[in-house]
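Work through the exercises below with the sequence and the model at hand. Each task is followed by a solution in steps.

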Amino acid sequence: MATSQLTASSISSRNLPLFEGFRLSSLQFSSINHLRMDTLTQKSFPSFVVKASTVSALKYTSIKPLGDRVLVKINEADEKSEGGIILPTTAQTKPQGGEVVAVGEGKSVGKSKVEISVKTGAKVVYSKYVGTEVEFNGSKHLILKDDDIIGILETDEVKDLKPLNDRVLIQVAQAEEKTAGGLFLTDATKDKPSIGTVIAVGPGSVDEEGNKTPLSVTTGNTVLYSKYAGNDFKSKDGFEYVTLRASDVIAVLSQ
């Protein structure tokens, strides 16, 4: 409760309209028992106290995603490097994973109802720069569409990712370490390969009737894919991986 002290010298009949929004019950007069608001003047009272309540920010107890949206509690960013060096905020990697806290009722495709592909409690990885970030229960959360979730990852190894929908997990072929003349290449000068081996595939996309359509690639295929498509990950096993949509796979290669 905020309290303001106003003296008689600061009140006059000219500025009384400024207090029209106050209720009489919220005014406490120190020396006047009976008065009429239309007869107040500077001499009517020596002082009075105005008490006004401050408005508190609303705190929500739950968030219910609608349609095909999912509420994910974001994993905290790493504050230290692998060598133990504390990273500044600008250098911390933005997390792309979290735990599913709540899911919507799904979406309608034609006459069919398609359920959300993840359940509450699942550990998921999602695309960068998607969704709406909200603060809830003291933690950062993300509300995003089911289709923005790349896959389910229950371990710390990217190779264990289970792609969702029409996503594909590919182990990227290692870049050439040397030029044709035998010169060693730095990471900045190595060509980013767009060839890799399919490690896992999702169950497929949903057609107009709500049925899953199997993907055109399978585990073990060596594929050529669009160079700048998907999301890149570097795993603890030393390999690089990319997750992308099956439509970004250009061709299946064979020897």
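**Exercise 1. Contacts and overall make-up**

Find what share of the contacts in the chain with a separation of 6 or more comes from residues 24 or more positions apart. Then describe the secondary structure, burial and surface of the chain.

Solution. Step 1: in this predicted model, residues 24 or more positions apart account for 63% of the contacts with a separation of 6 or more. Step 2: the secondary structure consists of 20 strands and 0 helices. Step 3: 32% of the 255 residues count as buried. Step 4: the exposed area of the chain is about 17100 Å², and 51% of it is supplied by carbon and sulfur atoms.

**Exercise 2. The nonpolar cores**

Determine which strands each supply at least two residues of the largest nonpolar core, and which residues have the most contacts inside it.

Solution. Step 1: the largest nonpolar core has 15 residues, and V118 and V124 have the most contacts inside it. Step 2: at least two residues each come from strand 4 (69-74), strand 8 (123-126), strand 10 (139-145) and strand 11 (149-152). Step 3: strand 4 gives the most to this core, with 3 residues. Step 4: another core lies apart from this one; it has 13 residues, including I170, V198, V223 and L244. Step 5: returning to V124, and leaving out residues up to four places away in sequence, its contacts include V72, V100, V118, I149 and I152.

**Exercise 3. The setting of N165**

Is N165 buried or exposed? Locate it in the chain and list its surroundings.

Solution. Step 1: N165 belongs to the loop between strand 12 (162-163) and strand 13 (167-172). Step 2: its relative accessible area is 9%; buried means under 20%, so N165 is buried. Step 3: beyond residues up to four places away in sequence, N165 touches S117, D146, D147, G202, P203, G204, S205, K212 and L215. Step 4: with one of these, K212, there is a polar contact between side chains, at 3.2 Å.

**Exercise 4. Salt bridges**

How many salt bridges does the count come to? Examine the pairs of K140, K236 and R245, with the accessibility of each partner.

Solution. Step 1: side chains of opposite charge can pair when their charged atoms come close. Step 2: the count comes to 5 salt bridges. Step 3: K140 pairs with E133, N to O at 4.0 Å. K140 is partly exposed at 48% relative accessible area, and E133 is partly exposed at 45%.

Step 4: K236 forms a salt bridge with D156, with the closest N and O atoms 3.9 Å apart. K236 lies in the loop between strand 18 (231-234) and strand 19 (240-245), and D156 in the loop between strand 11 and strand 12, so the pair ties together parts 80 residues apart in sequence. K236 is exposed at 64% relative accessibility, and D156 is exposed at 61%.

Step 5: R245 and D166 meet in a salt bridge at 2.9 Å, N to O. This pair links strand 19, which holds R245, to the loop between strand 12 and strand 13, which holds D166, across 79 residues. R245 is partly exposed at 25% relative accessibility, whereas D166 is buried at 15%. Step 6: D147, D166 and R245 are joined into one network by salt bridges that share partners.

Definitions and conventions
Residues are numbered from 1 along each chain as its sequence is written. This is a predicted model: local features need pLDDT of at least 70, side-chain atom pairs count only at pLDDT 80 or more; totals for chains, interfaces and linings use all residues. Side-chain values use heavy atoms; hydrogens and water are left out. Helices (H or I, at least four residues) and strands (E, at least two) are DSSP runs, numbered from the N terminus. Buried means under 20% relative accessible area, exposed over 50%, partly exposed in between (1.4 Å probe, protein chains only). Contact means heavy atoms within 4.5 Å. Accessible areas come from the Shrake-Rupley method with a 1.4 Å probe; for residues, only the protein chains shown count as cover. A polar contact is a pair of N or O atoms within 3.5 Å; within protein, one must be able to donate a hydrogen and the other to accept it, and residues adjacent in sequence count only if both atoms are side-chain atoms. A nonpolar core is a set of buried Ala, Val, Leu, Ile, Met, Phe, Trp, Tyr and Cys residues joined through side-chain atoms within 4.5 Å. A salt bridge is a side-chain nitrogen of Lys or Arg within 4 Å of a carboxyl oxygen of Asp or Glu.
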